[in-house]
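Thanks for asking me to look through this one with you. Here are my notes, point by point, to read with the model open.

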Amino acid sequence: MLRLLICLLLTPAAALAQGAPAVQKPSASAPAAPKPAAPATAAPKSLPAGRAPARTAAPLTDDQKLVYALGLLMQRSLDQFDLSAAELDVLKRALTDAAARKPAIDIDEWGPRVDAFARARAERVVAREKAASVAYLAKAAAEPGVVRTDSGLIYRDLSPGTGRSPTASDAVTVHYRGTLINGTEFDSSYKRNEPAQFPLKGVIPCWTEGVQKMKVGGKARLVCPSDLAYGDAGRPSIPGGATLVFEIELLEIAAAAAQ
(Lines give C-alpha, C1' and ligand atoms only; values in the text may rest on other atoms or scores of the structure.)
Protein backbone atom coordinates (compact mmCIF):
# COMPACT_ATOMS: atom_id res chain seq x y z
CA MET A 1 0.00 0.00 0.00
CA LEU A 2 2.88 2.36 0.76
CA ARG A 3 4.20 1.76 -2.75
CA LEU A 4 0.73 2.56 -4.13
CA LEU A 5 0.67 5.90 -2.31
CA ILE A 6 4.15 6.79 -3.56
CA CYS A 7 2.98 6.09 -7.12
CA LEU A 8 -0.09 8.27 -6.49
CA LEU A 9 2.15 11.20 -5.65
CA LEU A 10 5.05 10.73 -8.04
CA THR A 11 3.42 9.47 -11.25
CA PRO A 12 1.49 12.74 -11.88
CA ALA A 13 4.62 14.65 -10.89
CA ALA A 14 6.69 12.88 -13.53
CA ALA A 15 4.11 13.79 -16.16
CA LEU A 16 4.18 17.41 -15.05
CA ALA A 17 7.90 17.71 -15.66
CA GLN A 18 7.36 17.27 -19.41
CA GLY A 19 5.45 20.54 -19.95
CA ALA A 20 2.79 21.34 -22.61
CA PRO A 21 0.65 24.25 -23.81
CA ALA A 22 -2.21 24.97 -21.42
CA VAL A 23 -4.83 25.29 -24.14
CA GLN A 24 -4.84 21.68 -25.31
CA LYS A 25 -8.00 19.67 -24.80
CA PRO A 26 -8.16 18.03 -21.36
CA SER A 27 -6.77 14.53 -20.91
CA ALA A 28 -6.10 12.41 -17.87
CA SER A 29 -2.31 12.84 -18.13
CA ALA A 30 -2.02 16.27 -19.71
CA PRO A 31 0.75 18.30 -18.05
CA ALA A 32 0.77 22.01 -17.54
CA ALA A 33 3.28 24.77 -17.03
CA PRO A 34 4.88 24.79 -13.58
CA LYS A 35 3.88 27.32 -10.99
CA PRO A 36 6.49 30.02 -10.50
CA ALA A 37 8.47 29.85 -7.30
CA ALA A 38 7.65 32.45 -4.66
CA PRO A 39 9.97 35.48 -4.89
CA ALA A 40 12.62 35.81 -2.24
CA THR A 41 12.03 38.48 0.40
CA ALA A 42 14.90 40.78 1.22
CA ALA A 43 16.03 40.78 4.86
CA PRO A 44 15.44 44.00 6.83
CA LYS A 45 18.45 46.28 7.31
CA SER A 46 17.86 46.50 11.05
CA LEU A 47 15.88 44.61 13.67
CA PRO A 48 14.34 45.60 16.99
CA ALA A 49 16.51 45.00 20.06
CA GLY A 50 16.40 41.45 21.32
CA ARG A 51 15.50 39.88 17.96
CA ALA A 52 17.99 37.74 16.10
CA PRO A 53 18.23 38.11 12.32
CA ALA A 54 16.60 35.36 10.30
CA ARG A 55 18.96 32.82 8.77
CA THR A 56 19.61 33.13 5.06
CA ALA A 57 19.22 29.81 3.28
CA ALA A 58 22.53 28.44 2.06
CA PRO A 59 22.95 27.99 -1.71
CA LEU A 60 21.82 24.56 -2.88
CA THR A 61 24.15 22.04 -4.47
CA ASP A 62 23.06 20.41 -7.73
CA ASP A 63 21.96 17.26 -5.88
CA GLN A 64 20.01 19.37 -3.40
CA LYS A 65 18.34 21.22 -6.27
CA LEU A 66 17.15 17.90 -7.66
CA VAL A 67 15.70 16.94 -4.28
CA TYR A 68 14.10 20.39 -4.03
CA ALA A 69 12.62 19.90 -7.51
CA LEU A 70 11.20 16.57 -6.32
CA GLY A 71 9.48 18.43 -3.50
CA LEU A 72 8.00 20.97 -5.94
CA LEU A 73 6.69 18.19 -8.18
CA MET A 74 5.19 16.38 -5.21
CA GLN A 75 3.47 19.59 -4.08
CA ARG A 76 1.90 19.99 -7.51
CA SER A 77 0.59 16.44 -7.25
CA LEU A 78 -0.81 17.26 -3.81
CA ASP A 79 -2.82 20.23 -5.09
CA GLN A 80 -5.77 17.90 -5.68
CA PHE A 81 -6.05 17.42 -1.89
CA ASP A 82 -6.51 21.16 -1.16
CA LEU A 83 -4.42 20.86 2.00
CA SER A 84 -4.37 23.58 4.64
CA ALA A 85 -1.14 24.81 6.25
CA ALA A 86 -1.90 22.68 9.31
CA GLU A 87 -2.49 19.61 7.12
CA LEU A 88 0.81 20.22 5.33
CA ASP A 89 2.50 20.14 8.73
CA VAL A 90 0.94 16.72 9.33
CA LEU A 91 2.22 15.61 5.93
CA LYS A 92 5.75 16.74 6.82
CA ARG A 93 5.48 14.76 10.05
CA ALA A 94 4.45 11.68 8.07
CA LEU A 95 7.52 11.99 5.82
CA THR A 96 9.79 12.33 8.85
CA ASP A 97 8.15 9.40 10.65
CA ALA A 98 8.27 7.23 7.54
CA ALA A 99 11.97 8.00 7.03
CA ALA A 100 12.59 6.93 10.63
CA ARG A 101 10.52 3.77 10.05
CA LYS A 102 8.20 4.86 12.87
CA PRO A 103 4.80 5.64 11.30
CA ALA A 104 2.10 6.80 13.70
CA ILE A 105 -0.71 4.96 11.89
CA ASP A 106 -1.29 1.66 10.10
CA ILE A 107 -0.98 2.41 6.37
CA ASP A 108 -2.90 -0.76 5.47
CA GLU A 109 -5.87 0.61 7.39
CA TRP A 110 -5.77 4.25 6.27
CA GLY A 111 -4.16 4.05 2.84
CA PRO A 112 -7.25 2.65 1.08
CA ARG A 113 -9.25 5.67 2.26
CA VAL A 114 -7.08 8.19 0.39
CA ASP A 115 -8.97 7.88 -2.91
CA ALA A 116 -12.29 8.84 -1.30
CA PHE A 117 -10.55 11.68 0.53
CA ALA A 118 -9.11 12.97 -2.76
CA ARG A 119 -12.54 12.84 -4.45
CA ALA A 120 -14.18 14.74 -1.58
CA ARG A 121 -11.48 17.42 -1.63
CA ALA A 122 -11.72 17.75 -5.43
CA GLU A 123 -15.48 18.28 -5.16
CA ARG A 124 -14.87 20.96 -2.54
CA VAL A 125 -12.47 22.80 -4.84
CA VAL A 126 -14.90 22.63 -7.78
CA ALA A 127 -17.76 24.03 -5.68
CA ARG A 128 -15.56 26.87 -4.40
CA GLU A 129 -14.27 27.77 -7.87
CA LYS A 130 -17.73 27.78 -9.43
CA ALA A 131 -19.14 29.92 -6.63
CA ALA A 132 -16.32 32.44 -7.05
CA SER A 133 -16.83 32.49 -10.83
CA VAL A 134 -20.49 33.58 -10.71
CA ALA A 135 -19.80 37.20 -9.74
CA TYR A 136 -16.68 37.38 -11.91
CA LEU A 137 -18.50 36.22 -15.03
CA ALA A 138 -21.37 38.65 -14.44
CA LYS A 139 -18.96 41.56 -14.03
CA ALA A 140 -16.90 40.57 -17.07
CA ALA A 141 -20.03 40.28 -19.24
CA ALA A 142 -21.08 43.82 -18.27
CA GLU A 143 -17.87 45.48 -19.44
CA PRO A 144 -18.07 47.83 -22.47
CA GLY A 145 -17.38 46.23 -25.83
CA VAL A 146 -17.90 42.69 -24.58
CA VAL A 147 -19.78 40.00 -26.46
CA ARG A 148 -21.25 37.07 -24.52
CA THR A 149 -22.07 34.20 -26.84
CA ASP A 150 -24.75 31.54 -26.45
CA SER A 151 -22.11 29.09 -25.18
CA GLY A 152 -21.17 31.42 -22.31
CA LEU A 153 -17.87 32.63 -23.80
CA ILE A 154 -17.12 36.27 -22.94
CA TYR A 155 -15.16 37.89 -25.78
CA ARG A 156 -13.60 41.31 -26.06
CA ASP A 157 -11.42 42.80 -28.79
CA LEU A 158 -8.40 44.54 -27.27
CA SER A 159 -6.83 45.52 -30.60
CA PRO A 160 -8.79 44.56 -33.73
CA GLY A 161 -6.78 42.93 -36.50
CA THR A 162 -6.91 43.62 -40.22
CA GLY A 163 -6.30 40.16 -41.66
CA ARG A 164 -8.75 37.33 -42.19
CA SER A 165 -10.39 35.27 -39.47
CA PRO A 166 -9.55 31.56 -39.07
CA THR A 167 -12.06 28.74 -39.36
CA ALA A 168 -12.34 25.75 -37.06
CA SER A 169 -10.38 23.64 -39.56
CA ASP A 170 -7.40 26.03 -39.59
CA ALA A 171 -4.21 25.93 -37.57
CA VAL A 172 -3.11 29.19 -35.98
CA THR A 173 0.03 30.76 -34.55
CA VAL A 174 -0.57 32.83 -31.42
CA HIS A 175 1.01 34.46 -28.42
CA TYR A 176 -1.09 34.15 -25.27
CA ARG A 177 -1.21 34.51 -21.52
CA GLY A 178 -3.58 32.52 -19.31
CA THR A 179 -4.63 33.42 -15.76
CA LEU A 180 -7.09 32.33 -13.11
CA ILE A 181 -9.71 34.86 -12.03
CA ASN A 182 -7.51 35.86 -9.08
CA GLY A 183 -4.78 36.92 -11.52
CA THR A 184 -2.51 33.91 -11.01
CA GLU A 185 -0.73 33.18 -14.29
CA PHE A 186 -0.63 29.48 -15.20
CA ASP A 187 0.75 29.67 -18.73
CA SER A 188 2.35 32.19 -21.08
CA SER A 189 3.92 31.84 -24.50
CA TYR A 190 5.39 35.30 -23.94
CA LYS A 191 7.45 33.98 -21.02
CA ARG A 192 8.68 31.12 -23.17
CA ASN A 193 9.53 33.71 -25.84
CA GLU A 194 8.00 31.40 -28.43
CA PRO A 195 4.57 31.59 -30.06
CA ALA A 196 2.38 28.50 -30.03
CA GLN A 197 0.89 26.83 -33.11
CA PHE A 198 -1.99 24.36 -33.06
CA PRO A 199 -5.15 23.34 -34.94
CA LEU A 200 -8.25 25.07 -33.63
CA LYS A 201 -10.02 21.72 -33.44
CA GLY A 202 -7.37 20.51 -30.98
CA VAL A 203 -7.85 23.07 -28.22
CA ILE A 204 -10.40 23.82 -25.51
CA PRO A 205 -13.87 24.87 -26.79
CA CYS A 206 -13.40 28.44 -25.57
CA TRP A 207 -10.41 28.84 -27.88
CA THR A 208 -11.99 27.05 -30.83
CA GLU A 209 -14.91 29.48 -30.70
CA GLY A 210 -13.12 32.64 -29.58
CA VAL A 211 -10.11 32.63 -31.90
CA GLN A 212 -12.45 32.34 -34.89
CA LYS A 213 -13.79 35.78 -33.94
CA MET A 214 -10.32 37.31 -34.25
CA LYS A 215 -8.48 38.66 -37.28
CA VAL A 216 -4.77 38.27 -37.97
CA GLY A 217 -2.81 40.98 -36.18
CA GLY A 218 -5.49 41.43 -33.52
CA LYS A 219 -5.53 40.89 -29.78
CA ALA A 220 -8.51 39.68 -27.76
CA ARG A 221 -9.48 38.70 -24.24
CA LEU A 222 -11.43 35.50 -23.67
CA VAL A 223 -13.14 34.70 -20.38
CA CYS A 224 -13.83 30.98 -20.39
CA PRO A 225 -16.31 29.37 -17.96
CA SER A 226 -15.08 26.00 -16.75
CA ASP A 227 -17.37 24.02 -19.04
CA LEU A 228 -15.63 25.67 -22.02
CA ALA A 229 -12.19 25.03 -20.53
CA TYR A 230 -11.11 22.08 -18.35
CA GLY A 231 -14.38 21.35 -16.57
CA ASP A 232 -14.51 19.80 -13.13
CA ALA A 233 -11.32 17.79 -13.73
CA GLY A 234 -9.03 20.81 -14.03
CA ARG A 235 -5.31 20.36 -14.56
CA PRO A 236 -2.30 20.28 -12.24
CA SER A 237 -2.00 24.08 -12.30
CA ILE A 238 -5.72 24.76 -12.90
CA PRO A 239 -8.32 23.91 -10.22
CA GLY A 240 -11.38 21.93 -11.22
CA GLY A 241 -14.34 24.20 -11.98
CA ALA A 242 -12.09 27.20 -12.65
CA THR A 243 -13.01 30.04 -14.97
CA LEU A 244 -9.99 31.00 -17.08
CA VAL A 245 -8.95 34.30 -18.66
CA PHE A 246 -6.80 34.43 -21.78
CA GLU A 247 -5.24 37.34 -23.63
CA ILE A 248 -4.47 36.18 -27.16
CA GLU A 249 -2.58 37.73 -30.06
CA LEU A 250 -3.34 36.09 -33.43
CA LEU A 251 -0.10 36.17 -35.39
CA GLU A 252 -0.80 33.91 -38.34
CA ILE A 253 -3.21 31.42 -39.88
CA ALA A 254 -1.40 28.33 -41.11
CA ALA A 255 -2.53 25.79 -43.66
CA ALA A 256 -5.80 24.06 -42.87
CA ALA A 257 -5.39 21.34 -40.28
CA ALA A 258 -5.59 17.74 -41.47
CA GLN A 259 -9.05 16.28 -41.22
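**Notes on the predicted model**

1. Of the 259 residues of the protein, 35% count as buried. Please keep in mind throughout that this is a predicted model. The accessible surface comes to about 15800 Å², and carbon and sulfur atoms hold 59% of that area.

2. On the overall layout, the protein has seven helices and seven strands. Read from the N terminus on, the elements run α-α-α-α-α-β-β-β-β-α-β-α-β-β. If you take the contacts with a separation of 6 or more, 73% of them are between residues 24 or more positions apart.

3. Helix α5 deserves a careful look. With 28 residues at 1.5 Å a residue, α5 should span 40 Å, and its end C-alpha atoms are indeed 40 Å apart. Where does α5 bend? The bend is at Ser133, and it comes to about 30 degrees.

4. Ser133 is also one of the buried residues of α5, a set that further holds Ala118, Arg121, Val125, Val126, Glu129, Leu137 and Ala140. You will see that Arg121 and Glu129 are on this buried list together with Val125, Val126 and Leu137. The cover over the buried residues of α5 includes helix α3 and the strands β1 (146-148), β2 (154-159) and β6 (219-224).

5. Helix α3, part of that cover, has 15 residues and reaches 21 Å from its first C-alpha to its last, close to the 21 Å expected at 1.5 Å a residue. After α3 comes Arg101, whose phi is positive. This residue lies in the loop between α3 and α4 (107-110). Is Arg101 buried or exposed? Its relative accessible area is 68%, so Arg101 counts as exposed.

6. Arg101 has company if you are checking backbone angles. Phi of Arg101 is near 60 degrees, a positive value in a residue other than glycine. Phi of Asn193 is near 55 degrees, again positive in a residue other than glycine. Asn193 sits in the loop between α6 (189-192) and β5 (196-199), and with a relative accessible area of 67% it is exposed.

7. Now to the rings. A pair of aromatic rings is described by the distance of the centres and the angle of the planes. How many aromatic pairs does a search of the whole structure find? It finds five. Among them, Phe81 and Phe117 are stacked, at 5.9 Å centre to centre with 20 degrees between the planes. This pair links distant parts of the chain, 36 residues apart: Phe81 is in the loop between α2 (62-78) and α3 (85-99), and Phe117 is in helix α5 (residues 114-141). The two partners have their own settings: Phe81 counts as buried because its relative accessibility is 5%, whereas Phe117 is partly exposed at 35%.

8. Another pair is edge-to-face: Trp207 and Phe246 lie 5.2 Å apart centre to centre, with 85 degrees between the planes. It too links distant parts of the chain, with Trp207 in helix α7 (residues 205-211) and Phe246 in strand β7 (residues 244-256), 39 residues apart. Both rings belong to buried residues. Trp207 and Phe246 are also members of a cluster that ring pairs build with Tyr176, Phe186 and Phe198.

9. A charge over a ring is worth a glance as well. Arg113 lies over the face of Trp110, and the distance from the ring centre is 4.0 Å.

10. Two small polar residues round off the note. Thr179, in strand β3 (residues 170-180), is buried because its relative accessible area is 8%, under the 20% cut-off. Which residues is Thr179 in contact with, leaving aside its neighbours within four places in sequence? They are Thr184, Glu185, Phe186, Leu244 and Val245. Of these contacts, Phe186 is also a member of the ring cluster.

11. Ser237 is in the loop between β6 and β7, and it is buried with a relative accessible area of 7%. Between Ser237 and Glu185 there are 9.4 Å in space, C-alpha to C-alpha, although the two are 52 residues apart in sequence. Glu185 is the residue that appeared above among the contacts of Thr179.

Terms used:
Residues are numbered from 1 along each chain as its sequence is written. This is a predicted model: local features need pLDDT of at least 70, side-chain atom pairs count only at pLDDT 80 or more; totals for chains, interfaces and linings use all residues. Side-chain values use heavy atoms; hydrogens and water are left out. Rings of Phe, Tyr and Trp (its six-membered ring) pair if their centres lie within 6.5 Å; planes under 30 degrees apart count as stacked, over 60 as edge-to-face and the rest as tilted. Helices (H or I, at least four residues) and strands (E, at least two) are DSSP runs, numbered from the N terminus. Buried means under 20% relative accessible area, exposed over 50%, partly exposed in between (1.4 Å probe, protein chains only). A charge sits over a ring if NZ of Lys or CZ of Arg is within 6 Å of the ring centre and within 35 degrees of the ring normal. The expected span of a helix is 1.5 Å times one less than its number of residues. Contact means heavy atoms within 4.5 Å. Accessible areas come from the Shrake-Rupley method with a 1.4 Å probe; for residues, only the protein chains shown count as cover. The bend at a residue is the angle between axes fitted to the seven residues ending there and the seven starting there.
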